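Me: I am new to this structure and would be grateful for a close look at a single part of it. Please concentrate on how the helices of one chain pack against each other, and place that chain in its surroundings.

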Amino acid sequence: MIKIGFFRVMVATWLVWALFFLPTISAAEERFQIELYGGISFVNPKDFNLLSKAEQQYNDIYFIERLRSYNGYFVNDFPEIREAIPGGIRFRYHVSEKLSFSLAAEGFFQKKEQTFEGSFYYSSTASENHTKRYDPYKLRLSGFAVLGGIHYRLPVGSKTDIEVGAAAGWAKAQFDFSSNWTYRAIYQGTSVSYDSVDGGILEEDGSGNGFMGQAMLRLNRMLGRRIGFFVETAFSYCRMKSVEGGGREIRINIPGETTWEGAWGIKKEEIHLLWGDKEVLVPTNYWAGWIDSQRERDFVLDLSGFRLVLGIVFRL
Amino acid sequence: MKKIIRTFILGLCIAFGAGAGNSLIAQIQPEAGFCFLEENDFYFHTNSYFNRLPLRCSQARIWRVYQPADKDPTSKPLFVFYNGGPGGATSAGLFSANTGRNAVSVDPQTYKGSVISNPHSWTRIGNLLHVDSRTAGFSYSMMENPQDDALRHAEWDAQNYNAFIDGADFVRVLLRFLADHPSIQNNPVVLVVESYGGIRSLVMLHLLLFYQDYANGNAIYQDPALVQEIQNHYNTVFPEYAGQTVPPSVIAQQFSHQVLIQPAITRYYQRLVAVEMLEAPGSILDDLAEETGVPYIRYEDQPWAIANPSPFNIMNNIYDYIDQIGRDPYIYSKPAGFFNGFFDAAAELLTHYDKLSQMTGVDTTGIPELYASARQQAYKIKFLEDYASLMSYSALLGPAPKVSDIQSFLFPCAEEDMTTVFGALQPWDRYFLDLNYDVSTAFALNRTVMESYDIHYRYSERFGEMFLDNVAFVETFITNAAYDIVVYCPSLPDALTYHASKLSSSTHDAVGPPQAERPGQILLEYNPGSVPGSNVTTRTIRFPYYANSGHAVPMTEPGEMLDDVTSWLEKTGFFADIMMRHPCKQRQGVKK
């Protein structure tokens, strides 16, 4: 028994030594490597995308449902950010044929912008027309991270190998949203008419930072001794909890503008209507004059998700 | 030498005393003039901040007339009078109809008015303040470029005309008047209102009693500047609560009583019950049919009747019948035009400056804001041309206006006398309007209506609930006039029962209180805990019956009403412990 246990320890020790030290780098000058990469990442920052979901709910409540007996339509399909464009540069140092360490700087960006309108009307002895227009509705998300990683390479051919890796570091992200909207209501009766326009611009932004971790799997292919490419898939984990920012509102019938600064949170609005009450969760950083119980929870900027990148490798 | 010095010091003391006394005397002289209201931001919301409706009301000069009490005015309450409409002038209404020192008497043959001394003046029991609402009576609004038709047209919208800004206007006028008159600033205040004024008073009292809700997002109407002004008033009047939220039970020590003359309160339910009662067999309409020989054809029997009519459809059928038999819906014992004829006669009289001065007790030529030179930015009507075709959309409490009403509305009084004294006004301005139809149209059709905010007084339940909240703290007197079809008050007790979230019952007691010459009470039983800040379970509303009156009880039974109000105030302890209920008087060491 003791002999079997000792044998196992010895084998394990030899394997570890062989993993890290037996295969030697063929040339000392190829220890360094620079990689450039870009691709697409799939994210779902749920709390951030609540901005669009809340806007859809508002239109459902205040427009579509309120005017349900009217004719018309409204494409109540607000953009959300579900993907981003990452790109980065990574410096790699090979300690052995298979093992390397890295330092990467990468960023990502995505913008969605849409212009749309809808109208509802009825016409009998009198006519009424309600039109709402967004010109535009904009979302923007970007970030930057610095990550240190460790990678392990497994040859599967003379010039091809599979690599696994992990990285961790710190990320900073910012977002902003802008809604430029108008709402026009026209009533034409047999003996009276009414025409009014309401509208405004609402802009809010936020930024946060936090830990980012990545787990990577990639396929490398060298085209020559010093240049190659790779295809990498990775899962990133990053959830930022302390997000703060500013905001600005202009309303067309009120001169001036309102500005504010505040911490982002999720607000629960219990909207009291003639035909019933509705609940909407909306992210906001505007809390002035409202009762504390409306704060449902913290706002989390969740940048976690899978990504797929293509890259070029330069061995130095 | 010593004698000279003593005489000099005595003279100084007399001079200082006279100065202070003069200041006090100045505060208790009759006054007439304007209270300036600045632009103010407020908003409506349904609990979603960025989906709110923000509005900014325009500047306005609000006309008010103050008449001090006959005796000892600094220790008497302040009675605040206003009419309704909306858009109705208090000056041609309650101010002229037997509440002030002078009154307008209308010759029944010629319909001409004359100024008479009023033997039933309310100055017997207190100080009086009569207020005209925005762009009604002598009040006028102001804007840049009033000559621009499109811009002036846009003024007639929710930012200036809705039930809440209307109530807020009056709260501002009242608090600023009290602040300008420190000798009566702490005194109890009694609202005396007529018709749509019932809605205005319940909004005013709710703003005053539950004021913090109007800045913390709880209420549908948010007006932070007004709430601050109210808090500042309470900091002065209730210094023990300075800087804190004052509970409604304490606030009601000052705003303790209200007198409602044929009021709109819970308008939809009042109308619903009224048409049920009037359409029932044996109603007063059948009495009128027997008296006149013209049968009343019930709505459902009309060939043009629609299925599922609204109470307003049915009421229009009743108005048509009243018109057909040549009676006045505001006082159906009188011929058509009686009620409005009084307003017209009063308006004609008041637009002579000497008569206005006589009525107010003030030389009105000394009021600078009356002059045309001070009114370059003033406006009072929407259109310059005849727009009779546009008047079928109205939020008037009574029947919709006729074309002839509109034509007289544009130029109700010749105003040559005023023009001679005060100058010629711009075409979109008027010295006086006894009923501004543009106001009633703006109430009926504005952005809050188009965006379905639940604040229209004709339909919304919230006003009845606000009223019941107020009554938990405020003693209430409501007239029940025999001949008023427009506000058919026998419907009120049952109408209040529709607010089941507040009340478990509302009962009309036609017999009580004991020994009342004109009996009548409404007995309310509240659901426990249904009123914030109150443990109220029962309340009694004084509800006297006026057998000879219509919509304007002071017009036809002024002495009876004043006696009833005086008796009621006494029985509710108003006069006896006016000092006790107002701790400030105790702290100031004012003797009872």
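Reply: Helices and strands are DSSP runs, with at least four residues for a helix (H or I) and at least two for a strand (E), and they are numbered from the N terminus. The model discussed here is predicted. The part chosen is chain B, and the account begins at one of its loops.

B:Ser195 lies in the loop between β10 (189-194) and α5 of chain B. Although B:Ser195 is not a glycine, its phi is positive, at about 65 degrees. The loop that holds B:Ser195 leads to the helix pair considered next.

Two packed helices are described by the angle between their axes and the distance between the axes. For helix α5 (residues 197-209) and helix α17 (residues 462-471) of chain B, the axes come within 9 Å and cross at roughly 55 degrees. That angle makes α5(B) oblique to α17(B), and the crossing of the two is left-handed. On the side of α5(B), the residues in contact are B:Ile199, B:Leu202, B:Val203, B:Leu205, B:His206 and B:Leu209. They meet B:Phe463, B:Met466, B:Phe467, B:Asp469 and B:Asn470 of α17(B). Sorted by class, this contact has eight nonpolar, two polar and one charged residues.

A further pair is formed by helix α4 (residues 163-180) and helix α6 (residues 224-237) of chain B, which pack at an angle of about 30 degrees with their axes 11 Å apart. Since angles under 35 degrees count as roughly parallel, α4(B) is therefore described as roughly parallel to α6(B). The crossing of α4(B) with α6(B) is left-handed. From α4(B), B:Ala168, B:Val171, B:Arg172, B:Leu175, B:Arg176 and B:Leu178 take part in the contact. Their partners in α6(B) are B:Ala225, B:Leu226, B:Glu229, B:Ile230 and B:His233. The classes here are seven nonpolar, one polar and three charged residues.

The next pair is helix α9 (residues 284-292) and helix α10 (residues 311-324) of chain B, whose axes are 11 Å apart at an angle of about 20 degrees. This angle makes α9(B) roughly parallel to α10(B), and their crossing is left-handed. B:Leu285, B:Leu288, B:Ala289 and B:Thr292 of α9(B) meet B:Ile318, B:Tyr321 and B:Ile322 of α10(B). Six nonpolar residues, one polar residue and no charged residues make up this contact.

Two other loops of chain B deserve attention for their peptide bonds. The bond from B:Gly85 to B:Pro86 is cis, with omega near -5 degrees, and B:Pro86 is placed in the loop between β5 (78-82) and α2 (95-99). B:Gly512 and B:Pro513 are likewise joined by a cis peptide bond, with omega about -5 degrees. B:Pro513 is found in the loop between β18 (503-509) and β19 (521-526) of chain B.

Finally, chain B has chain A as a neighbour: 31 residues of chain B are in contact with 37 residues of chain A. The area buried between the two chains is about 2900 Å², and carbon and sulfur atoms give 55% of it. Two salt bridges are counted between chain A and chain B. One salt bridge links B:Arg447 with A:Asp198, with the closest N and O atoms 3.7 Å apart.

Key:
Residues numbered from 1 in each chain as written. Chains lettered and ligands numbered in written order. Predicted model: local features only at pLDDT ≥ 70, side-chain atom pairs only at ≥ 80, totals over all residues. Heavy atoms only, no water. Axes fitted to C-alpha atoms, helices over the stretch in contact; angles between N-to-C directions. Parallel < 35°, antiparallel > 145°, perpendicular 65-115°, else oblique. Left-handed = near helix turned anticlockwise from the far one by under 90°. Contact = heavy atoms within 4.5 Å. Nonpolar A, V, L, I, M, F, W, Y, C, P; charged D, E, K, R; others polar. Buried area = accessible area lost by both parts, 1.4 Å probe. Salt bridge = Lys/Arg side-chain N within 4 Å of Asp/Glu carboxyl O.
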